[in-house]
Amino acid sequence: MSKVFLITGAGRGLGADLARQALEAGHQVVAAGRRPERVLEALGGEQGNLLATALDITDPATAQNAVQAAVDRFGRIDVLINNAANFYAGYFEEISDAQMRAQIETNLFGPMNVTRAVLPVMRAQHDGHVITISSLAGAVGLEFCVAYAAAKFGVEGFMESLRYDVEPYNIRTTIVEPGFFRTELLVDASTTWAELSIDDYAERTAATKKQWQAMNGQQAGDPAKLAAALLTLAGRQQPPTRFVAGSDAIDAVAAKARELLAQADASRALGADLAHAAA
């Protein structure tokens with residue numbers, strides 16, 4: 001059945017793959033990005049089932065405008081895919097306060113802004129699906145990713161709790177935790193390196209930055225296959241609340257789950273009986 005998709009960050013990478021495949025499958029697509037002309041270029045120009053619209057996810061007003069444009073054009077929004085994101089890379093002490101706030105503004109408050117704009121439409125429909133792209137770094141802490149992980153761990157908490165808010169209105173939620181995919185997250189337009197420099201970190205920073213730069217375009221995951229998998233999930237009546245994508249992410253998340261269970265068991269002797277005694 002044809003659906004109306006609103007996809008953020010649709011001008012390149014995974015967002016463009018999602019929009020392109022959704023159009024090929026016969027869906028209506030609202031492809032949002034900072035520069036609609038670039039979105040149209042990425043998707044092959046004007047099409048009857050395509051609306052390219054301006055959206056800066058850090059600006060709630062543009063989110064409201066994009067949602068209104070979607071409803072005006074297609075009458076509804078069935079699936080929101082919060083895909084747009086960027087990456088501030090570096091060790092915590094070398095990430096400035098301004099950079100940390102900018103990372104969280106984009107990667108956490110950004111999806112919140114768009115979701116807040118879309119939910120009234122989905123509640124009125126009594127139907128909808130919110131899919132938010134998190135990351136392996138939203139489930140497992142990674143070196144050199146403290147800002148990114150902080151934002152993505154926040155996304156996980158937001159989405160996991162949002163589920164209970166919107167379930168009564170037949171709105172489903174899915175958190176996506178991809179591993180390393182060739183999604184253009186590591187290109188210069190998406191990656192910002194730590195702006196501070198501390199001698200104790202200098203050698204590690206130089207070596208780690210070089211490793212990350214060498215990884216760009218060499219990641220094992222195929223974003224076109226990830227896009228196809230997400231469209232499959234969007235077509236399900238009962239999609240999963242969490243989707244771990246890529247063998248690297250599956251292995252890492254499974255290991256984290258085992259570690260958490262072991263830590264919970266180890267905490268029982270000291271942590272279980274801490275209730276205040278009744279008067």
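The exercises below concern helix α4 and its surroundings in a predicted model.

**Exercise 1.** Compare the expected span of helix α4 with the distance between its end C-alpha atoms, and then state where α4 bends.

*Solution.* Helix α4 covers residues 97-125, which is 29 residues. At 1.5 Å a residue, taken over one less than the number of residues, the helix should span 42 Å. The end C-alpha atoms of α4 are 41 Å apart, which agrees with that expectation. The axis of α4 nevertheless bends by about 40 degrees at F109, and the proline P111 follows within four residues. After the helix comes H126, whose phi is positive, near 55 degrees.

**Exercise 2.** Describe how helix α3 packs against α4, giving the angle, the distance between the axes and the residues that meet.

*Solution.* Begin with the geometry: α3, made of residues 60-74, packs on α4 at an angle of about 35 degrees, with the two axes 8 Å apart, and the crossing is right-handed. Turning to the residues, α3 contributes P60, A63, Q64, V67 and V71, which meet N113, V114, A117, V118 and V121 of α4. Classified by type, the residues of this contact comprise eight nonpolar and two polar, with no charged residue. The spacing within each helix can be read against a general rule: an α-helix has 3.6 residues a turn, so residues three or four places apart point the same way.

**Exercise 3.** Decide which residue forms a salt bridge with D127, and locate both partners in the chain.

*Solution.* The partner is R76, and the closest N and O atoms of the pair are 3.9 Å apart, which falls within the 4 Å cut-off. D127 lies in the loop between α4 and β6, whereas R76 lies in the loop between α3 and β4, so that the pair links parts of the chain 51 residues apart. The whole structure contains 13 salt bridges.

Technical notes: Residues are numbered from 1 along each chain as its sequence is written. This is a predicted model: local features need pLDDT of at least 70, side-chain atom pairs count only at pLDDT 80 or more; totals for chains, interfaces and linings use all residues. Side-chain values use heavy atoms; hydrogens and water are left out. Helices (H or I, at least four residues) and strands (E, at least two) are DSSP runs, numbered from the N terminus. The bend at a residue is the angle between axes fitted to the seven residues ending there and the seven starting there. Axes are lines fitted to C-alpha atoms, for helices over the stretch in contact, and angles run from 0 to 180 degrees between N-to-C directions. A crossing is left-handed if the near helix is turned anticlockwise from the far one by less than a right angle, and right-handed if clockwise. Contact means heavy atoms within 4.5 Å. Ala, Val, Leu, Ile, Met, Phe, Trp, Tyr, Cys and Pro count as nonpolar, Asp, Glu, Lys and Arg as charged, and the others, Gly among them, as polar. A salt bridge is a side-chain nitrogen of Lys or Arg within 4 Å of a carboxyl oxygen of Asp or Glu.
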